[in-house]
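Visitor: Please take one part of this structure and go through it closely. I would like to hear about the aromatic rings and what lies around them.

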Amino acid sequence: VQLVESGGGLVQAGGSLRLSCAASGRTFSGYSMGWFRQVPGKERVFVAAITWTDGRTYYADSVKGRFTISRDNAKNTVYLQMNSLKPEDTAVFYCAAVAATHYSVIYYKDVNNYRYWGQGTQVTVSS
């Protein structure tokens with residue numbers, strides 16, 4: 001599975017962006033999807049995840065109520081709608097795929113559980 005993110009950019013605080021992650025190669029089915037972000041010199045951290053089986057969603061506490069993850073299986077695409085953006089949301093955002101479904105946010109927070117990663121898209125939020 002190849003993953004390609006898009007939709008990043010520069011936005012003012014309080015603004016919105018929608019990231020997309022398009023999957024190609026093998027079938028998208030059976031893969032739960034996650035979004036992570038990373039700033040220079042720090043580890044990649046979990047943002048949100050969505051299961052394959054029933055579309056259940058999981059979020060980091062820092063983005064709950066502001067970000068929404070969704071997927072369109074017909075288009076092999078997962079989205080991250082980001083509202084009320086803050087300067088501390090500035091990071092490179094990555095999507096990732098794991099060929100499993102678990103009903104535990106702890107599982108989706110672990111970067112080691114994901115098999116496929118995109119190249120990342122930069123999100124910069126100005127104050």
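Guide: In this predicted model, the count of aromatic pairs comes to seven. One of them joins Phe36 and Phe46: the ring centres are 5.8 Å apart and the planes stand at 75°, which is over 60 degrees, so the pair is edge-to-face. A pair of aromatic rings is described by exactly these two values, the distance of the centres and the angle of the planes.

The two partners come from distant parts of the chain. Phe36 belongs to strand 4, residues 32–38, while Phe46 belongs to strand 5, residues 45–50, and ten residues separate them. Are these two rings buried or exposed? Phe36 has a relative accessible area of 0%, so Phe36 is buried. Phe46 has 7% relative accessibility; the limit for buried is under 20%, so Phe46 counts as buried too.

The pair is also part of a cluster, in which ring pairs link Phe36, Phe46, Tyr114 and Trp117. Trp117 has a charged residue over its face: Arg44 lies there, at 4.9 Å from the ring centre. Arg44 also lies over the face of Tyr94, at 3.6 Å from that ring centre.

Trp117 leads on to Leu3, since Trp117 is among the residues in contact with Leu3. Neighbours within four places in sequence are left aside here; the other contacts of Leu3 include Cys21, Met33, Cys95 and Tyr116.

Leu3 in turn leads to the largest nonpolar core, which has 39 residues. Leu3, Met33, Trp35, Leu80, Met82 and Phe93 are the members that touch the most others. Strand 9, residues 91–98, gives the most to this core, with six residues. In soluble globular proteins, nonpolar side chains tend to be buried together.

The numbering also places Leu3 within strand 1, residues 2–6, an edge strand that pairs on one side only. Its sheet is open and has four strands in the order 1-3-8-7, with antiparallel pairing. The other edge is strand 7, residues 67–72, and the twist from one strand to the next averages 15°. Strand 1 is joined to strand 3, residues 17–24, by five bridges, and Ser6 stands opposite Ser20 in strand 3.

One last place follows strand 9. Ser104 lies in the loop between strand 9 and helix 1, residues 105–109. With a relative accessible area of 27%, Ser104 is partly exposed. The C-alpha atoms of Ser104 and Tyr58 are 8.2 Å apart, although 46 residues separate them along the chain.

Definitions and conventions: Residues are numbered from 1 along each chain as its sequence is written. This is a predicted model: local features need pLDDT of at least 70, side-chain atom pairs count only at pLDDT 80 or more; totals for chains, interfaces and linings use all residues. Side-chain values use heavy atoms; hydrogens and water are left out. A nonpolar core is a set of buried Ala, Val, Leu, Ile, Met, Phe, Trp, Tyr and Cys residues joined through side-chain atoms within 4.5 Å. Buried means under 20% relative accessible area, exposed over 50%, partly exposed in between (1.4 Å probe, protein chains only). Helices (H or I, at least four residues) and strands (E, at least two) are DSSP runs, numbered from the N terminus. Contact means heavy atoms within 4.5 Å. Rings of Phe, Tyr and Trp (its six-membered ring) pair if their centres lie within 6.5 Å; planes under 30 degrees apart count as stacked, over 60 as edge-to-face and the rest as tilted. A charge sits over a ring if NZ of Lys or CZ of Arg is within 6 Å of the ring centre and within 35 degrees of the ring normal. Two strands pair if DSSP finds at least two bridges between them. Axes are lines fitted to C-alpha atoms, for helices over the stretch in contact, and angles run from 0 to 180 degrees between N-to-C directions.
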